[in-house]
Protein chains: 2
Amino acid sequence: MKKRVEGIQLGKTAFLLIDMQNDFVSWTPYAQSIVTDLAKVLKACRANLVQVIHVIRHYTEDGSDVELPRVENFLKRPFVVAGTKGADIVPELAPTEGEPVIIKKRWSAFFRTGLKVLLEEKGLDTIVVGGIFTPNCVRTTVYDAISYDIKVFVLSDGTASEDPDVQDANILDMVNIGVKVIQCRDFLRAMELDGNV
Amino acid sequence: MKKRVEGIQLGKTAFLLIDMQNDFVSWTPYAQSIVTDLAKVLKACRANLVQVIHVIRHYTEDGSDVELPRVENFLKRPFVVAGTKGADIVPELAPTEGEPVIIKKRWSAFFRTGLKVLLEEKGLDTIVVGGIFTPNCVRTTVYDAISYDIKVFVLSDGTASEDPDVQDANILDMVNIGVKVIQCRDFLRAMELDGNV
């Protein structure tokens, strides 16, 4: 018998895809390596009417909205500048018409964005998080979600870091605070067992 | 010649002491080991009129305000319950009359607290962070501070984790996003060179 993932109610769940933009994904093969699995999850979410929410980062070319410790590097080699190809989501995970795309300027998907209100409006109390990079945008989003009493699942093989040791250390820290860490196949199985298709 | 720490203007700086409460400090000798150095820093801040801000956590005994993934453990063995000795700041770092004590319910010192407004009101744009635990309350506070364009210094030997590997991994992640990591003696030296006494 296949094991259920406890706590995922598909109708109350959003699949968050964080920062899967061309520039970021090109930084490391570890980011590229999760695209295929995330595309499978994305397809299954759409088929099973699980809410998909894309969260991406946009900066202005002059660096005026970049985090202070990052400005110097940004100005040397700008990235995810709004309107450029580098800021687009990778083709395999591109949003379909009508899928929400939330633009953020900081690490957390909740920081000065409409994400919390969107989840409330749609009656969603659980997020499954995939994307990059685990120590920054993924992790801050997870901690903020818990702070808001939103239930959180993190995809260990649907998130990536620029270094495997960093990935492991961050997953461990999240496990230590009680975050539920699952694999893409666990989420796929939950949809297979409880989904519409 | 003694080296200055660039970027610390004492009159614009707050020293944040996070969660140095009896219950948390008793969890691990690593937390206990930073108390003496933090007490030196605290004393120097007071002497040099550097703003000190204590940030602590309070929970209600019934667990109703505890983060969801933490409720089960909390109910088995409650900690930092408001009004108990365990919730008090350790004697060596106890606030003096008039020093702000900010109470938080979540990891970040900024999450639903008055910290940001307090810093603005006092004209402070820089924080030096000490306290526990590095992967949770220290780190989320640091990421939020940067998100608000507040300058941040983290005391590598004035913060602690329950495990030295976790401490090192978290310090590395913060260095990687451009956080300035210094030692207690660097901050003490800045006060010695530029302070009032």
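**Cysteines, sheets and chain arrangement**

With a relative accessibility of 2%, A:Cys184 counts as buried. The model described here is a predicted one. In chain B, B:Cys184 has a relative accessibility of 3% and counts as buried. The cysteine sulfur closest to that of A:Cys184 belongs to A:Cys45 and lies 10.0 Å away, which is too far for a bond. In chain B, the sulfur of B:Cys184 has its closest cysteine sulfur in B:Cys45, at 10.0 Å, and this is also too far for a bond. A disulfide is a covalent bond between the sulfur atoms of two cysteines. The cut-off applied to the pair of sulfur atoms is 2.5 Å, and the count over all chains is zero disulfides.

In chain A, six strands form an open sheet with parallel pairing, in the order S3-S2-S1-S4-S5-S6. The edges are taken by strand S3 (101-104) and strand S6 (180-182) of chain A; each has a single partner strand, so one side of each lacks a neighbour in the sheet. From one strand to the next, the twist averages 25°. At one edge, strand S5 (residues 151-160) of chain A is joined to S6(A) by three bridges, and the two run parallel. Within this pair, A:Val154 stands opposite A:Val181 of S6(A). Helix H8 (residues 184-194) of chain A packs on the sheet and touches strand S1 (13-18), strand S4 (126-132), S5 and S6 of chain A. The direction of H8 makes about 125° with that of S5(A).

At the other edge of the chain A sheet, strand S2 (residues 51-57) runs parallel to S3(A), and four bridges join them. A:Arg57 is placed opposite A:Lys104 of S3(A). The two faces of S3(A) are not alike: A:Ile102 and A:Lys104 make up a covered face, while A:Val101 and A:Ile103 make up an uncovered one.

Outside the strands, A:Tyr30 lies in helix H2 (residues 29-32) of chain A. A:Tyr30 has a relative accessibility of 38% and therefore counts as partly exposed. Leaving aside residues up to four places away in sequence, A:Tyr30 touches A:Ala160, A:Ser161, A:Glu162, A:Asp163 and A:Pro164. Between A:Tyr30 and A:Lys151 there are 26 Å in space, C-alpha to C-alpha, and the two are 121 residues apart in sequence.

The sheet of chain B is an open one of six strands, with the order S3-S2-S1-S4-S5-S6 and parallel pairing. Strand S3 (101-104) and strand S6 (180-182) of chain B stand at its edges with a single partner strand each, so one side of each is left without a neighbour in the sheet. When direction is ignored, neighbouring strands of this sheet are turned against each other by 25° on average. S1(B) runs parallel to strand S2 (residues 51-57) of chain B, with five bridges joining the two. In this pairing, B:Leu17 stands opposite B:His54 of S2(B). Helix H7 (residues 164-176) of chain B packs on the sheet, where it touches S5 and S6 of chain B, and its direction makes about 165° with that of S5(B).

Strand S4 (residues 126-132) of chain B has seven of its seven residues buried, so the strand is largely enclosed by the rest of the structure. B:Thr126, B:Val128, B:Gly130 and B:Ile132 point one way from S4(B), B:Ile127, B:Val129 and B:Gly131 point the other way, and all are buried. Six bridges link S4(B) in the parallel sense to strand S1 (residues 13-18) of chain B, and B:Ile18 stands opposite B:Gly131. S4(B) also pairs in the parallel sense, over six bridges, with strand S5 (residues 151-160) of chain B. In S5(B), B:Val152 is the bridge partner of B:Ile127.

S4(B), helix H6 (residues 134-147) of chain B and S5(B) together make a right-handed β-α-β unit. H6(B) is mostly covered, with 14 of its 14 residues buried. Just after H6(B), B:Asp149 takes a positive phi of about 65°.

Chain B is superposed on chain A by a rotation of 180° with 0.0 Å of shift along its axis, at an RMSD of 0.0 Å. The two copies are thus related as by a two-fold rotation axis. Of the interface residues of chain B, 100% are also interface residues in chain A, so the copies meet through the same surface.

How values were computed. Residues numbered from 1 in each chain as written. Chains lettered and ligands numbered in written order. Predicted model: local features only at pLDDT ≥ 70, side-chain atom pairs only at ≥ 80, totals over all residues. Heavy atoms only, no water. Buried < 20%, exposed > 50% of the residue type's maximum accessible area, 1.4 Å probe, protein only. Pairing = 2+ DSSP bridges. Right-handed = clockwise from strand over helix to strand, strands pointing away. Least-squares fit on C-alpha atoms with pLDDT ≥ 70 in both. Contact = heavy atoms within 4.5 Å. Axes fitted to C-alpha atoms, helices over the stretch in contact; angles between N-to-C directions.
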